[in-house]
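Here's a quick briefing on charged pairs and cysteines. Have a look at the model first, then we'll go through it.

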Amino acid sequence: MRAKPCRTRSKTSTLLRIMSQEGNAVQEMLAPPARSAQETRLATVQQASAEQGGRQRPVWGRTQSLAGVLAELHSSNAFLAQRGLEALREAVASAPCGVLSEALLKSPGLGALWMAWETVHADAKHRCSVAPLLAAAACLRYDARQDVSASLLAEADGVAAQLDAVAMTFVQRRLRDAYSHLASGSHTRANAALALLAAAVDGRPAVARELAASFDFSLQALPRLSNHVPMQRESAKVGRKRLRGSGDGDGAAARWPHPPSPADMSVKDLQAQPSRVLFVDFVLALLSAEDYGLARAVLGRKVLAAGVLHGIARDPPDRATIALRRVAQCTVEGSHDGGVRLPTRVLSAIFGDAAVEQLAIVSMRAGREEGGGEAAAASAAKVLLQALATQPLFGITPPRATLCPAGVRAAARCARLLKRLRPTMCRIHARLVIAAADANPCVAAAYLASLSIKVDPSLSERWLTSMALTG
């Protein structure tokens, strides 16, 4: 009698095999998806960017919170949208290359940022928030072409092109929001708008030309912002004394807080910065492009050029040097190589009595050490003063041997310029007076006629210097 096969054992093995197959399928479903080639490159770039900063930074990407940030940016709730904008700024500050590359990949043209901007602006309680401006400024300050870590990505040029498009979108569609912040009377809001304007045009000639053509430079807030330099109470008296030229320092400029990186700029940083710092950065960003036509359009706006020059004596030496060299490059150097060639009336208006007085104060701060910050600023101011006193192009000094009424008036104005100098106290001023007198005898005659020097012999150093100067 044959034994019957054990059907129970066969059923058990079949059941175990089915359960094993189902378990493998469940594991495959629960396993994280494999990374694509793009995501692998992004992770490599994020790690390189974190190591390059000298400190461990959080890696922002698909596994942490960028998806959550984008979800908040798309939210119709103004509070969530504002929180998403703040998170985006912090993410860009920690790892700009990886965050912007992936953000542009998931939201082309940073459409999520503009959606959150619209949501915040439409809400009455959050309309005055500076979160959209700071987030946009942090994104636009990033230059993929100059970033070493971005060279690992083949899409570096594509990222830069998309950011250029984002900047152009802001100039074409969001300038009215910038106007409201500039004219709000709020120090923080005005500084945020200036920071965004500077970030949008810096290194982007096409965007700078569009802004120069469409921006309303007649805003009454611009002159106020260019002169806003809060002075510490304990140094106010010393600052006023130094600004009169009786000291060798830089006045209240030494108490300016060091400006942080625009990507790391927070609301507290905006409150601590004088508006003049960001205003000068905006003007220099417009002049940074190697476009003489754009430089002519910018310098032709008196509110911009005069706004920079009329407060240059209160700027720190390094910032004053950068601003003066850039202005000289666009006016003095450009007039020789056929570059800017601004009209004489425009140059004459830019370098008025107030600007000349500021240049005279800066040129007196030669400093005790050669090559220092004050010496560099004094040298840059000397270049401009010498051009004003010797070149007829600027409309201050007349052409040589011109005796017409217009030439006589110009000689009188040049003599008024020279009277603002102190040749008996500053060697640079003495050389400028001699150079102006050698360039035009009419100017020398007008200057001597306006002097009030005591000719009675004296053994004082000032009398000897005056006699040596007048011959």
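What is the relative accessible area of arginine 420, and is the residue buried or partly exposed? The value is 31%, so arginine 420 is partly exposed. Keep in mind that this is a predicted model. Salt bridges come to 11 in the structure, while disulfides come to zero.

**Around arginine 420**
- Arginine 420 pairs up with aspartate 353 in a salt bridge, at 3.8 Å from N to O.
- That contact links distant parts of the chain: arginine 420 is in the loop between α22 (405-419) and α23 (427-439), and aspartate 353 is in helix α20 (residues 353-363), 67 residues apart.
- Glutamate 357 also makes a salt bridge with arginine 420, with the closest N and O atoms 3.7 Å apart.
- Since glutamate 357 sits in helix α20 and arginine 420 in the loop between α22 and α23, this pair ties together parts 63 residues apart in sequence.
- Shared partners join Asp353, Glu357, Arg416 and Arg420 into one salt-bridge network.
- Aspartate 353 is partly exposed at 32% relative accessibility, and glutamate 357 is partly exposed at 39%.

**The aspartate 315 and arginine 276 pair**
- These two side chains, aspartate 315 and arginine 276, meet in a salt bridge at 2.7 Å, N to O.
- Aspartate 315 is in the loop between α17 (302-309) and α18 (317-336), arginine 276 is in helix α15 (residues 275-287), and they are 39 residues apart.
- Both aspartate 315 and arginine 276 are buried.

**Cysteines**
- Cysteine 330 is buried, at 3% relative accessible area.
- Cysteine 442 counts as buried too, at 19% relative accessibility, because the cut-off for buried is under 20%.

Technical notes:
Residues numbered from 1 in each chain as written. Predicted model: local features only at pLDDT ≥ 70, side-chain atom pairs only at ≥ 80, totals over all residues. Heavy atoms only, no water. Disulfide = S-S within 2.5 Å. Buried < 20%, exposed > 50% of the residue type's maximum accessible area, 1.4 Å probe, protein only. Salt bridge = Lys/Arg side-chain N within 4 Å of Asp/Glu carboxyl O. Helix = DSSP H or I, 4+ residues; strand = E, 2+ residues; numbered from the N terminus.
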